[in-house]
Amino acid sequence: MKKKVPMICNIVSVVLVIAFIVKNVVDYSKYTSTLNSAPFYVWILANALYLIIPAIILFAVGAIIKKNQ
């Protein structure tokens, strides 16, 4: 099982990055500058906070575990 943990971390990390891209495309299609007071880059930063940062953390955890094996 220990050999599968880094692979699972990397797969979940890639899924989170793909979800970030898809979510930004969906948000952009729904975004209307006249109805939203926040610029679109704020939406991208919020998506990065929820998706990219956990992806980076998971990737780092997977790399550390693989290095220690």
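This briefing walks through the helix packing, the nonpolar core and the aromatic pairs of the structure above. Keep in mind that the model is predicted. Two helices carry the story here: H1, residues 4–30, and H2, residues 40–68.

**How the helices pack**
- H1 and H2 sit with their axes 7 Å apart, at an angle of about 170°.
- Angles over 145 degrees count as roughly antiparallel, so that is the label for H1 and H2.
- Look at the contact of H1 with H2 and you'll find 21 nonpolar residues, along with 5 polar and 3 charged ones.

**The nonpolar core**
- The largest nonpolar core has 5 residues: Leu16, Phe20, Ala48, Leu51 and Ala55.
- Both helices chip in, with at least two residues each from H1 and H2.
- H2 gives the largest share of this core, at 3 residues.
- Leaving aside residues up to four places away in sequence, Ala48 touches Phe20 and Ile53.

**The aromatic pairs**
- There are 3 aromatic pairs in the count.
- One of them is Tyr28 with Phe40: the ring centres are 5.4 Å apart and the planes meet at 70°, so this pair is edge-to-face.
- Tyr28 belongs to H1 and Phe40 to H2, so the pair ties together parts 12 residues apart in sequence.
- The two partners differ in burial: Tyr28 is exposed at 58% relative accessibility, whereas Phe40 is buried at 16%.
- Zoom out a little, and ring pairs join Tyr28, Tyr31, Phe40 and Trp43 into a cluster.

Definitions and conventions: Residues are numbered from 1 along each chain as its sequence is written. This is a predicted model: local features need pLDDT of at least 70, side-chain atom pairs count only at pLDDT 80 or more; totals for chains, interfaces and linings use all residues. Side-chain values use heavy atoms; hydrogens and water are left out. Rings of Phe, Tyr and Trp (its six-membered ring) pair if their centres lie within 6.5 Å; planes under 30 degrees apart count as stacked, over 60 as edge-to-face and the rest as tilted. Helices (H or I, at least four residues) and strands (E, at least two) are DSSP runs, numbered from the N terminus. Buried means under 20% relative accessible area, exposed over 50%, partly exposed in between (1.4 Å probe, protein chains only). Axes are lines fitted to C-alpha atoms, for helices over the stretch in contact, and angles run from 0 to 180 degrees between N-to-C directions. Angles under 35 degrees count as roughly parallel, over 145 as roughly antiparallel, 65 to 115 as roughly perpendicular and the rest as oblique. Ala, Val, Leu, Ile, Met, Phe, Trp, Tyr, Cys and Pro count as nonpolar, Asp, Glu, Lys and Arg as charged, and the others, Gly among them, as polar. A nonpolar core is a set of buried Ala, Val, Leu, Ile, Met, Phe, Trp, Tyr and Cys residues joined through side-chain atoms within 4.5 Å. Contact means heavy atoms within 4.5 Å.
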